[in-house]
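Work through the exercises below with the model open beside you. Try each task before reading its solution.

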Amino acid sequence: MKHLDITIPLTSATYDELDDTQRNLVDKARAMTRQSYAPYSKFHVGAAILLDNGEIITGANQENVAYPSGICAERTAAFYAHARYPEAKFKAIAIAAHDTSGNEVVMPISPCGACRQVLLEYEQLAGADVQVLLAGADEVYILPSVHSIMPLAFVDFD
């Protein structure tokens, strides 16, 4: 038996340290938290996806009393992006959230497992890394790819 460690490449940055494209994505994700429909959890999440055609597609979580019929912000944005621009490839995604008190989360949040799997498939479809920006109130985590937040992911082996 041998022990293996998995490490995740992550850069922590302030908002001011982001480049213009990253700041724009974070701004759009933060704005989308106000479009969230979260009457049950009161946890509002926004996402913004940059496509290789220059378009930015946004989404917000949408809850439903018939749990688990709701959908996360990341999948809302991803599914709409691919439906609207099926030939475009994902380049980056930013995710932001407001907590149950309406304040921006202090620490960056990460996508749930279902969203990670969906985003990983779009990363595979792009044939290139999709940068992930996880925004907190004072800190943004920058990850080089979706795969970096799901290192033991199930992938299509065809």
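## Exercise 1: An unusual loop residue

Lys42 sits in the loop that links α1 to β2. Helices (H or I, at least four residues) and strands (E, at least two) are DSSP runs, numbered from the N terminus. This is a predicted model: local features need pLDDT of at least 70, side-chain atom pairs count only at pLDDT 80 or more, and totals for chains, interfaces and linings use all residues. Residues are numbered from 1 along each chain as its sequence is written, and side-chain values use heavy atoms, with hydrogens and water left out.

**Task.** Find the phi of Lys42 and say how accessible the residue is.

**Solution.**
- Step 1. Recall the usual case: most residues other than glycine have a negative phi, and most peptide bonds are trans.
- Step 2. Lys42 is not a glycine, yet its phi is positive, about 60°.
- Step 3. Its relative accessible area is 41%, so Lys42 is partly exposed. Buried means under 20% relative accessible area, exposed over 50%, and partly exposed in between (1.4 Å probe, protein chains only).

## Exercise 2: A second residue in that loop

**Task.** Thr33 also lies between α1 and β2. Which residues does Thr33 contact, leaving aside its neighbours within four places in sequence?

**Solution.**
- Step 1. Check the accessibility: at 3%, Thr33 counts as buried.
- Step 2. List the contacts (heavy atoms within 4.5 Å). With those neighbours left aside, Thr33 touches His44, Val45, Gly46, Ala96, Ala97 and His98.
- Step 3. Look for a polar contact. The term means a pair of N or O atoms within 3.5 Å; within protein, one must be able to donate a hydrogen and the other to accept it, and residues adjacent in sequence count only if both atoms are side-chain atoms. The side chains of Thr33 and His98 make one, at 2.9 Å.

## Exercise 3: The faces of α1

**Task.** Which residues of α1 are buried, and how are they arranged around the axis?

**Solution.**
- Step 1. Helix α1 covers residues 20–32, 13 residues in total. Its first and last C-alpha atoms are 18 Å apart, close to the 18 Å expected at 1.5 Å a residue. The expected span is 1.5 Å times one less than the number of residues.
- Step 2. Inspect the N-terminal end. Asp19 caps α1 there, with a side-chain oxygen 3.1 Å from the backbone nitrogen of Thr21.
- Step 3. Pick out the buried residues of α1: Gln22, Leu25, Val26, Ala29, Arg30 and Met32.
- Step 4. Seen down the axis of α1, these buried residues fall within an arc of 160°, so they line one face. The arc is that of the directions from the helix axis to the C-beta atoms.
- Step 5. Compare Ala31, which is in α1. At 28% relative accessibility, Ala31 is partly exposed.
- Step 6. Find the packing partners. The buried residues of α1 pack against β2 (44–51), β3 (56–60), β4 (90–98), β5 (131–135) and β6 (140–143).

## Exercise 4: The sheet

**Task.** In what order do the six strands stand, and which are at the edges?

**Solution.**
- Step 1. Two strands pair if DSSP finds at least two bridges between them.
- Step 2. The order in this open sheet is β1-β6-β5-β4-β2-β3, and the pairing is mixed.
- Step 3. β1 and β3 stand at the edges, each with a single partner strand, so one side of each has no neighbour in the sheet.
- Step 4. From one strand to the next, the twist averages 20°. Axes are lines fitted to C-alpha atoms, for helices over the stretch in contact, and angles run from 0 to 180 degrees between N-to-C directions.

## Exercise 5: Strand β6

**Task.** Which residues pair with β6, and what covers its faces?

**Solution.**
- Step 1. β1 (residues 11–13) pairs with β6 in the antiparallel sense over three bridges. Thr11 is the bridge partner of Ile142, and Ala13 stands opposite Val140.
- Step 2. β5 and β6 are also antiparallel, over four bridges. Leu134 stands opposite Tyr141. β5 and β6 form a hairpin with four residues between them.
- Step 3. Both faces of β6 are covered. Val140 and Ile142 are buried on one side, Tyr141 and Leu143 on the other.
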